[in-house]
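Got a few minutes to go through a model together? Have a look first, and then we can talk.

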Amino acid sequence: AGVSCSNAVVKSLECNAFNGTFMGINIGFNKTMACNRVAFSARTLISNLDVVISGAFITPFVVSLVSAVPAHANLFSVGSLVGSAQPQAGALVFTLGAGQQMQPDTAYTIGFIVTNQATASSAATPSISATTTCAQLPLVAMDGSLQVVAPAITSAIAAQSTPFPCSLNTITVTLRLNVHIRVCDGSTVTLSNFDGATVSNVSQVPVLDASGGESHHLVFGGFGRWSDASRSLTLTLASDMVADREYKFSFRVSNAYVAADPSTPGSTLLPLDSVGVKSSVWAAPSLSASFAGSASLNAPVTSPPAGLGLCGQSAVSGDAAPLFLYQPAFTVKKIGQDTSFPCSNNTITVSFSSNVPLCGRDCNVKITISNLLGAVPVSLAADGTFPLISVNPPSETFHMLFSANSSGAAGRAI
């Protein structure tokens with residue numbers, strides 16, 4: 001204490017013999033200490049340091065008592081430490097302080113804090129007895145029992161924001177445990193089997209807060225690490241997780257796109273990602289959560305029973321389950337004409353709707369109407385394109401959604 005480095009050069013000080021007292025304990029060392037200051041950071045390097053601690057430590061070890069009625073806890077003392085009890089070989093001894101007394105038929109309620117063991121224990125019934133110089137209360141079982149349940153993930157729930165293929169999807173996760181998880185144990189949590197999901201940067205996946213302002217994402221430092229091999233997200237604790245507290249956070253993935261399986265020519269359309277066909281196809285994969293550290297915990301991840309209620313689907317359709325995908329389909333596919341007479345100009349009207357969004361900019365959407373036998377478009381241009389028209393001008397302009405190619409003029413087809 002009191003040693004500082006005031007310039008940018010290495011400074012050595014010979015500390016011949018430091019001796020002092022800290023909380024009644026004599027301490028001292030007798031070695032060389034070097035201070036090293038580089039740029040804007042400073043650090044103290046102490047090598048070959050012998051620390052000698054001697055003196056009278058606080059004895060005996062005691063347990064502090066608490067009570068809603070402080071006078072109840074203060075009835076008991078260990079030496080001069082009022083409101084204390086003394087542990088002895090698996091028991092806790094309460095000694096009435098000098099001049100204190102307990103009245104008959106009066107309930108005295110006190111508490112004390114212990115640290116539960118890390119493994120499960122079956123229910124045990126403590127016993128109680130009392131001795132005095134003139135009487136003895138025999139050992140009897142107490143009303144109630146104590147136990148420690150097995151460490152476990154008591155709740156793991158995940159939900160998605162969209163079931164549409166080729167879309168950015170926000171996965172929201174809620175975790176609750178019955179055991180404290182500590183940073184100092186190098187604890188990690190891994191969420192596995194996000195089949196069909198991909199991320200843009202596997203080494204640093206942003207983790208977002210979903211707790212409503214309690215910054216739960218910072219429990220994991222705000223980032224996670226992705227594995228394409230196991231389709232998993234691993235989060236390393238940056239702060240302790242408290243037992244029986246709900247932690248809610250989210251992260252974003254890209255859903256699989258839909259195409260023919262390149263390994264099987266002529267195959268039906270299937271959801272694909274960078275590795276291949278999504279194993280669970282359109283269904284949601286079975287997710288799992290695991291913790292590694294002082295305890296190894298595993299649990300399946302469930303999804304909320306209510307659905308997203310999109311595209312006319314039932315509110316209990318299961319589409320909130322992560323990586324559940326809608327199988328793309330036309331829900332409306334109508335075509336009609338205004339005349340069947342030969343050699344007449346004929347207005348063909350088509351109506352269609354799909355159960356998934358179709359995004360021309362991102363997914364290169366092409367809609368093809370086939371089997372138009374004997375039809376020749378009016379105003380056919382030399383490049384093979386022709387104009388589309390509005391069915392109910394000017395209110396409807398759906399025809400302007402389309403062009404003959406990705407860079408062509410709006411309102412035309414080929």
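What follows is a short chat about confidence, strands, one histidine and a surface patch.

This is a predicted model, in which local features need pLDDT of at least 70, side-chain atom pairs count only at pLDDT 80 or more, and totals for chains, interfaces and linings use all residues. Residues are numbered from 1 along each chain as its sequence is written, and side-chain values use heavy atoms, with hydrogens and water left out.

Reader: What is the mean pLDDT of the chain?
Author: pLDDT is the predictor's confidence in each residue, from 0 to 100. In this chain 81% of residues reach 70 or more, and the mean is 82.

Reader: Which stretch with pLDDT below 50 has 28 contacts in the model?
Author: A contact means heavy atoms within 4.5 Å, and these 28 lie beyond near neighbours in sequence. Where pLDDT is low, the predicted coordinates should not be read in detail. The stretch you're after is residues 1–17.

Reader: Which strands stand at the edges of the open sheet E7-E10-E11?
Author: Strands here are DSSP runs (E, at least two residues) and helices are too (H or I, at least four), numbered from the N terminus; two strands pair if DSSP finds at least two bridges between them. The three strands pair in the antiparallel sense, in the order E7-E10-E11. Two of them have a single partner strand each, so one side of each is left without a neighbour in the sheet: E7 (63–64) and E11 (91–93).

Reader: How many residues lie between E26 and E27?
Author: E26 (287–292) and E27 (297–301) are antiparallel, paired over five bridges. Leu 287 has Val 301 as its bridge partner. Together the strands make a hairpin, and the residues between them number four.

Reader: Is His 217 buried or exposed?
Author: His 217 sits in the loop between E20 (208–209) and E21 (223–227). Leaving out residues up to four places away in sequence, its contacts include Leu 208 and Phe 249. Buried means under 20% relative accessible area, exposed over 50%, partly exposed in between (1.4 Å probe, protein chains only). Because its relative accessibility is 18%, His 217 counts as buried.

Reader: Which strand supplies the largest share of the nonpolar patch?
Author: The surface patch includes Phe 330, Val 350 and Leu 358, and its residues together have about 820 Å² of accessible area. E28 (330–337) and E29 (348–354) each supply at least two residues. The largest share, three residues, comes from E29.

How values were computed. Patch = residues over 30% accessible without salt bridge, like charges linked within 9 Å, V, L, I, M, F, W, Y side chains within 5 Å. Areas by Shrake-Rupley, 256 points an atom, 1.4 Å probe, with all protein chains shown as cover. Salt bridge = Lys/Arg side-chain N within 4 Å of Asp/Glu carboxyl O.
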